[in-house]
Amino acid sequence: MTAPIPASAIPASPGRASWQKEAVAVLIAFAVLALLPFVVTDSYSRHVLIMAFIYAVVASNWDLSLGYGGVFNFGHLALFGIGVYAYGLLTKFAGIDPWVAMALSGIIATIAAIVVTIPILRLKGIYIILVTFGFAQLVMQVILSQSDYTGGTQGMVRIQTLYLGEHNMIRDGKFAYFYIALAMLFLSTVFLRALVRSRIGAGIVALRDNEEYAVSRGVSIVRQRIVTLAASAFFTGVAGAFYAAYQRNASIDVFGMSLATIILSMVLLGGTSTIYGAILASFVLTIFAEAMADLGAWRPIITALLIIGVMLVYPTGLAGFIQSSWNGVFRRAKSAN
C-alpha cells in the first residue's frame with residue numbers, strides 16, 4: 001500500500017502563498033497595528049480605529065458566508081444585533097460576568113445562525129435573501145415587543161462594561177479597549193483563514209462554484225451550509241457583545257439598513273472571497289468617513305462614488321488591486337534580472 005503524501009509535501013496552488021508566508025505576513029501586520037496607540041495618542045482617533053476593528057470582524061465573517069459560501073445571507077447583521085442584546089441582557093438581568101457574557105453572546109449568535117439555516121437548506125438566490133431578511137426583521141420585532149427588558153425603541157443603557165482587574169478602562173484614553181478589539185480581530189482573522197484553507201473551506205467553495213459536481217463528489221449541502229453560517233456567526237456575535245460593552249448601550253439601529261449597507265459596502269469594496277479585503281476596506285471606509293465628517297450629506301455620496309469607482313476599475317475590489325499591483329512589481333523585478 002502506498003503511504004499517504006504528507007500535507008507539507010503538497011505544493012501550494014498557483015498564486016496562493018504558503019500558510020507559513022501568510023502567517024508571517026499576518027503577524028507583521030498585527031504587530032504594526034499593535035504599535036498604533038503609541039503613535040495615535042488622542043482618544044478620538046483610537047475610537048475610530050476601535051470601530052474599524054469591530055466593522056472588520058463583522059465584514060470579514062460576512063465574507064465567509066457571502067463570498068466563499070455564496071449564500072446571500074442578509075440576516076448576518078441580525079447576528080451582530082443578537083450579540084449586542086444578548087450581552088446586555090446577560091450582564092444586566094442575569095448578572096453574568098462580562099467576559100463570560102461576551103463568549104455566550106457568540107454562542108447564542110451561532111445557535112441563531114443554525115436556526116435560520118434550516119429553512120434555507122434547499123433554497124437558492126432570491127429566496128435565501130427573503131428568508132434571511134425576514135429573520136432579521138423577526139428578531140427586531142421580538143426585541144421591540146419585549147420592551148420591559150430590551151428598552152424597545154429607546155434601547156438599553158448603562159450596560160456593564162468590560163474590566164481588566166483594577167485597571168480603569170473608562171479613563172485610559174481607550175488604550176485597553178483598543179487592544180481587546182485588536183485581539184478579537186486577530187482571533188477572528190486566524191480562525192477564518194484557517195477555515196478557508198482547510199478541507200472544510202475547499203468544500204464550501206466547491207459547493208459555491210459547482211453545486212451538482214460537489215454533491216456528486218460527496219459534499220453535503222446541509223452540512224456545509226450549517227457549517228458556513230455557524231462559523232460566520234460566532235465572532236460576529238462576539239463583536240456585537242464587545243460593541244455593547246464599549247458603547248455601554250444597545251440600540252435597535254443595529255438592525256437597520258444603514259449599518260447593513262455600510263458593512264456590505266466593506267465586503268464588496270474589499271473584494272469577496274478574500275477575508276483580508278473586507279478587513280482592509282473596513283479601515284478605509286471607516287477612516288475615510290470620519291475624515292469627511294464635516295461634509296454632512298455629501299459624505300455618503302462621496303463614499304458611494306468611491307466604491308463605484310473602485311468596483312468599475314477593479315471588480316475584485318481592493319484585494320484585487322493590491323494583488324495585481326504586487327504581481328506587476330514581481331514581474332518587472334523578475335524581467336530585470
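A contact, as the word is used in these legends, means heavy atoms within 4.5 Å. With that in hand, welcome to a predicted model, shown first as a whole and then in close-up.

**Figure 1. The whole protein chain, built from 16 helices and 2 strands.** The radius of gyration is 21 Å, close to the 20 Å that the globule rule gives for 337 residues, so the protein chain is as compact as a globular protein of that length. Its C-alpha atoms fill a box of roughly 65 × 50 × 45 Å along the principal axes. Buried residues account for 44% of the 337 residues. Of the contacts with a separation of 6 or more, 77% join residues 24 or more positions apart. The accessible surface comes to about 17500 Å², and carbon and sulfur atoms supply 68% of that area. As for charge, there are 21 positive and 13 negative side chains, with the centres of the two sets 11 Å apart.

**Figure 2. How confident the prediction is along the protein chain.** The mean pLDDT is 88, and 93% of the residues reach 70 or more. Over residues 1-15, however, the pLDDT is below 50, and this stretch has 1 contact in the model beyond near neighbours in sequence. Where pLDDT is low, the predicted coordinates should not be read in detail. Among the elements, helix H16 (residues 317-336) has the lowest mean pLDDT, at 74, while helix H12 (residues 234-247) has the highest, at 97. Helix H12 is a good one to remember, as two of its residues appear in the views below.

**Figure 3. Asn 61, a residue of helix H3 (residues 43-68).** Is Asn 61 buried or exposed? Its relative accessibility is 0%, and since buried means under 20%, Asn 61 counts as buried. Leaving aside residues up to four places away in sequence, Asn 61 touches His 76, Ser 188, Leu 192, Ala 231, Ser 232, Phe 235 and Thr 236. Two of these partners, His 76 and Thr 236, have views of their own next.

**Figure 4. His 76 in helix H4 (residues 76-92).** Here too the relative accessibility is 0%, so His 76 counts as buried. Its contacts, not counting residues up to four places away in sequence, are with Val 58, Asn 61, Trp 62, Ser 232 and Thr 236. To get a sense of distance, look for Gln 160: it is 84 residues from His 76 along the chain, and their C-alpha atoms are separated by 25 Å.

**Figure 5. Thr 236 in helix H12.** With a relative accessible area of 0%, Thr 236 is buried. Which residues does Thr 236 touch, not counting those up to four places away in sequence? They are Val 58, Asn 61, His 76, Leu 79 and Phe 80. Asn 61 and His 76 also touch each other, so try picking out these three residues together; Thr 236 is in contact with both of the others.

**Figure 6. Val 238, also found in helix H12.** Val 238 is buried, with a relative accessible area of 8%. Apart from residues up to four places away in sequence, Val 238 touches Met 102, Gly 106 and Met 184. Ala 250 lies 12 residues from Val 238 along the chain, and 14 Å separates their C-alpha atoms.

**Figure 7. Tyr 177 in helix H8.** At 5% relative accessibility, Tyr 177 counts as buried. Its contacts outside the residues up to four places away in sequence are Ile 50, Thr 161, Leu 162, Met 169, Phe 242, Ala 245 and Tyr 246. How many residues along the chain lie between the positions of Tyr 177 and His 47? They are 130 residues apart, yet their C-alpha atoms are separated by 8.8 Å.

**Figure 8. Arg 158 and its positive phi.** Most residues other than glycine have a negative phi. Arg 158 is not a glycine, but its phi is positive, at about 55°. Its place is the loop between strand S1 (156-157) and helix H8 (175-196). With 74% relative accessibility, Arg 158 counts as exposed.

**Figure 9. Arg 248, with a positive phi of about 65°.** Like Arg 158, Arg 248 is not a glycine. Arg 248 sits in the loop between helix H12 and strand S2 (249-250). Its relative accessibility is 34%, which means that Arg 248 counts as partly exposed.

Definitions and conventions
Residues are numbered from 1 along each chain as its sequence is written. This is a predicted model: local features need pLDDT of at least 70, side-chain atom pairs count only at pLDDT 80 or more; totals for chains, interfaces and linings use all residues. Side-chain values use heavy atoms; hydrogens and water are left out. pLDDT is the predictor's confidence in each residue, from 0 to 100. Helices (H or I, at least four residues) and strands (E, at least two) are DSSP runs, numbered from the N terminus. The radius of gyration is taken over C-alpha atoms; the globule rule is 2.2 Å times the number of residues to the power 0.38. Buried means under 20% relative accessible area, exposed over 50%, partly exposed in between (1.4 Å probe, protein chains only). Accessible areas come from the Shrake-Rupley method with a 1.4 Å probe; for residues, only the protein chains shown count as cover. Lys and Arg count as positive and Asp and Glu as negative; His and the chain ends are not counted. The place of a charge is taken as NZ of Lys, CZ of Arg, CG of Asp or CD of Glu.
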